[in-house]
Amino acid sequence: MAVTRGFVGRRTADSSRVPPGQYVTREFPVLSAGPTPYTPLDAWDFTIRGAVDKPVSWSWTEFQALPRETFTVDIHCVTKWTRLDMVWSGVSLDTFLDAVPAQAAYALAFSDGGYTTNIPVADLSGRKAWIVDEYDGRPLDPEHGGPARLLVPHLYFWKSAKWIRGLELRTTDQPGFWEMFGYHNYGDPWKEQRYYGD
Ligand SMILES: Nc1nc2c(c(=O)[nH]1)N[C@H]1C(S)=C(S)[C@@H](COP(=O)(O)O)O[C@H]1N2
Ligand SMILES: [Mo]
């Protein structure tokens with residue numbers, strides 16, 4: 001009972017951290033639109049291309065040498081689970097974007113397996129987004145996007161592309177995979193922007 005009481009008490013204490021329509025879970029569900037791809041690390045790179053002077057790529061080794069940070073954030077999935085205090089480690093997207101001079105306002109994240117999702121560049125900069133390769137002190141499970149995934153905690157979790165391989169910078173917005181199938185174009189959990197028209 002102590003566990004249940006503690007859990008309920010904690011939910012009450014943290015209700016200001018739970019967006020409308022969400023419930024708190026301690027699970028970490030797997031939600032994938034297709035099979036888990038397995039890309040060897042020596043074939044992996046992260047590329048920023050599109051509306052840039054010249055595409056720039058980082059190999060896995062180069063990615064590993066970038067300044068890292070470990071941080072704790074809450075994650076909100078459009079299927080209504082919220083998980084508080086998830087500990088991730090990776091590289092701020094500012095580090096990548098600062099290396100690629102560009103004026104583009106939009107980005108389309110692309111992943112092994114073909115998944116895409118669109119995010120304004122403003123939401124990827126200013127220390128709001130990371131390429132993470134560790135969760136809870138361990139390498140990210142392939143099912144959760146390992147070797148590396150995008151993490152944009154202030155938007156619904158479908159924006160956090162698993163198995164990410166890069167960003168296509170764009171001067172015009174281009175809806176990604178779920179955005180074309182009726183999800184909201186932006187996906188702010190605090191405004192309950194779940195579906196097209198919300
Ligand atoms: N490449 C890729 N990234 C993806 C998805 C996917 O199917 N493929 N699903 C998205 C959705 S809808 C959610 S809710 C989260 C789920 O992440 P998880 O499986 O680690 O919980 O990943 C997002 N990123
Ligand atoms: Mo999702």
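## Exercises on a predicted model

Pro147 sits in the loop between β9 (138–139) and β10 (149–151). The model is predicted.

**Exercise 1.** Find which residues the cis peptide bond joins, and give its omega.

*Solution.* Start in the loop between β9 and β10, where Pro147 lies. Look at the bond between Gly146 and Pro147: this peptide bond is cis. Its omega is about 15°.

**Exercise 2.** Locate Trp163, give its phi, and decide: is Trp163 buried or exposed?

*Solution.* Step one: the place. Trp163 is in the loop between β10 and β11 (164–170). Step two: the angle. Phi of Trp163 is near 55°, which is positive, and the residue is not glycine. Step three: the surface. The relative accessible area of Trp163 is 9%. Buried means under 20%. Trp163 is therefore buried.

**Exercise 3.** Do the same for Glu192: where does it lie, what is its phi, and what is its accessibility class?

*Solution.* Glu192 lies in the segment after α5 (177–180). Its phi is near 50°, again a positive value in a residue other than glycine. The relative accessible area of Glu192 is 29%. The cut-offs are under 20% for buried and over 50% for exposed, with partly exposed in between. So Glu192 is partly exposed.

**Exercise 4.** Which domain does UniProt place at residues 34–178, and how far apart are the end C-alpha atoms of that span?

*Solution.* First, the record. An unreviewed UniProt entry gives the feature "domain: Oxidoreductase molybdopterin-binding" at residues 34–178. Next, the distance. The end C-alpha atoms of this span lie 13 Å apart. Last, the make-up. The span is 11% helix and 41% strand.

Notes:
Residues numbered from 1 in each chain as written. Chains lettered and ligands numbered in written order. Predicted model: local features only at pLDDT ≥ 70, side-chain atom pairs only at ≥ 80, totals over all residues. Heavy atoms only, no water. UniProt positions renumbered as here; feature names shortened; annotations may be inferred. Helix = DSSP H or I, 4+ residues; strand = E, 2+ residues; numbered from the N terminus. Buried < 20%, exposed > 50% of the residue type's maximum accessible area, 1.4 Å probe, protein only.
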